[in-house]
Amino acid sequence: MGRIRAAQGYFLDLASEEVACSSGVLLTDRHIKTLSIRYHIHELRHLERGERESVIRPEDFEDAVLNIRQAIGNLPDTKMGQFFVLDAAIALHNKGGDGIKIAEAYLAISESGKYSSVNEEAFEEIIAISGQQPVHVLEFMDAVGEMQKRKMNFLYGRVRQKEWDGAVSLDGLFEGGHIPNDPEVYLDQRYIDYLAKNSEEMGKIHWRNFERLTTEFFRRQGYEVDLGAGTKDGGVDVRIWTDRESKEGPPLMLIQCKRYKDVVGIETIKAFWADVHFEGAEKGLIATTSSVSRNSKKICEVRKWPMTFAEAAEVQRWARTMWRNAPPIPDGG
């Protein structure tokens, strides 16, 4: 390929647009610069608004955008999409399949205009045209899907086949309590993905989003959860029950969330223990982006208060376990 010569602002706009269209996360120039420095994305780290121009190869820009998408947790790696299809074709050849025939069949039905997506009927037609085993067709089409997910609009001019559901601004994670569109969840998955990759920013997110992250973690563990109002909640941010039926009784656990930079001290622990005892909960949990003082832990131990603590490292682990690209847990792991 050749080179693209343009104003640096053009590349910033293009990077932001590509990331928003692909991941659903809207980044500002500041976000792009911060992530480029943090993850050593050299093509983007020096770009500034103004009259200055830069020259970037299309393939280098594509790699930079993939690196940004990985940096915000949208992709597990920066492998370019075309290599997924190539690897799938090689793997099928080793199994006695023929990826070329499947590719030709896929292109034939795509150009026929009969289907807007690869539904069950289209899948069956690919099998019939290619003469390949269904499992081989499925493996190859999975690779095609991954390729499509990683393609660049500016390089390939692709038209999206899915409904556009908009993008969330990354600033929304830090500057306000974000309410997800899905009423069943407490924090948008795109924000969780970002925190899974950028755990050092956990202490900077809006305090309400920290409460939402905590609630979402326990919801995914199968508990019945209740997120408090956020203000005038008496110090109890989240209530946990084992299931919906048990919600008629006292909570299994009360949680107080402290998006702190400072250490959580004894007075906080004592006040929260009073809430746990008053509501008849079995235990209490302090979740914090910092740490809990040694004396606070000691007083709980001495007085046998059923209190536990999720400090910075544990809270960061919560985000990583909820990351959509988290590696699978091995059997027996």
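E59 is partly exposed, with a relative accessible area of 26%, where buried stands for under 20%, exposed for over 50% and partly exposed for what lies in between (1.4 Å probe, protein chains only). The side chain of E59 meets that of R57 in a salt bridge, with 4.0 Å from N to O, and R57 also counts as partly exposed, at 29% relative accessibility. A salt bridge here is a side-chain nitrogen of Lys or Arg within 4 Å of a carboxyl oxygen of Asp or Glu.

The model is predicted, and local features need pLDDT of at least 70, side-chain atom pairs count only at pLDDT 80 or more, and totals for chains, interfaces and linings use all residues. Residues are numbered from 1 along each chain as its sequence is written, and side-chain values use heavy atoms, with hydrogens and water left out.

**Salt bridges**

The whole structure holds 24 salt bridges, three of which are set out here.

| Acidic residue | Basic residue | N to O distance |
|---|---|---|
| E53 | R5 | 3.0 Å |
| E201 | R38 | 2.7 Å |
| E59 | R57 | 4.0 Å |

The bridge between E53 and R5 links distant parts of the chain, 48 residues apart, with E53 in strand 3 (residues 53-56) and R5 in strand 1 (residues 4-7). Helices (H or I, at least four residues) and strands (E, at least two) are DSSP runs numbered from the N terminus. Of these two partners, E53 counts as partly exposed at 45% relative accessibility, whereas R5, at 62%, counts as exposed.

The pair E201 and R38 spans 163 residues of sequence: E201 lies in the loop between helix 11 and helix 12 (207-220) and R38 in helix 2 (residues 29-38), so their bridge ties these parts together. E201 is buried, with a relative accessible area of 9%, while R38 counts as partly exposed at 25% relative accessibility. Elsewhere, D77, E146, K149 and R150 are joined into one network by salt bridges that share partners.

**Helix 11**

The loop that carries E201 follows helix 11, which runs over residues 189-197 and is mostly covered, with seven of its nine residues buried. The buried residues are R190, Y191, I192, D193, Y194, L195 and A196. At the N-terminal end of this helix D188 serves as the cap, one of its side-chain oxygens lying 2.8 Å from the backbone nitrogen of R190; a polar contact is a pair of N or O atoms within 3.5 Å, and within protein one must be able to donate a hydrogen and the other to accept it, with residues adjacent in sequence counting only if both atoms are side-chain atoms.

**Helix 5 and helix 8**

L86 belongs to helix 5 (residues 81-94) and is partly exposed, with a relative accessible area of 46%. Together with F83 and I90, L86 makes a nonpolar surface patch of about 280 Å². Patches are made of residues with over 30% relative accessible area and no salt bridge, with like charges joined within 9 Å and nonpolar side chains (Val, Leu, Ile, Met, Phe, Trp, Tyr) within 5 Å; the areas come from the Shrake-Rupley method with a 1.4 Å probe.

A91 also lies in helix 5 and counts as partly exposed at 31% relative accessibility. The C-alpha atoms of A91 and H136 are separated by 9.5 Å, although the two residues are 45 residues apart along the chain. H136 is found in helix 8 (residues 134-150) and is buried, with a relative accessible area of 7%. Not counting residues up to four places away in sequence, H136 touches L92, K95, G97 and I102, contact meaning heavy atoms within 4.5 Å.

**Nonpolar cores**

In the largest nonpolar core, of 56 residues, the members that touch the most others are L27, L44, L213, F218 and I255. Helix 4 (residues 58-71) supplies the largest share of this core, six residues. Such a core is a set of buried Ala, Val, Leu, Ile, Met, Phe, Trp, Tyr and Cys residues joined through side-chain atoms within 4.5 Å. Leaving aside neighbours within four places in sequence, I255 is in contact with T214, F218, V236, D237, V238, I240, F272, L285 and A287. Another core, of 19 residues, lies apart from the largest one and includes V85, Y106, A122 and M147.

**The whole chain**

The protein has 15 helices and nine strands, and its C-alpha atoms fill a box of roughly 70 × 55 × 35 Å along the principal axes. Of its 333 residues, 47% are buried, and the protein exposes about 17600 Å², of which carbon and sulfur atoms supply 51%. Among contacts with a separation of 6 or more, residues 24 or more positions apart account for 64%.
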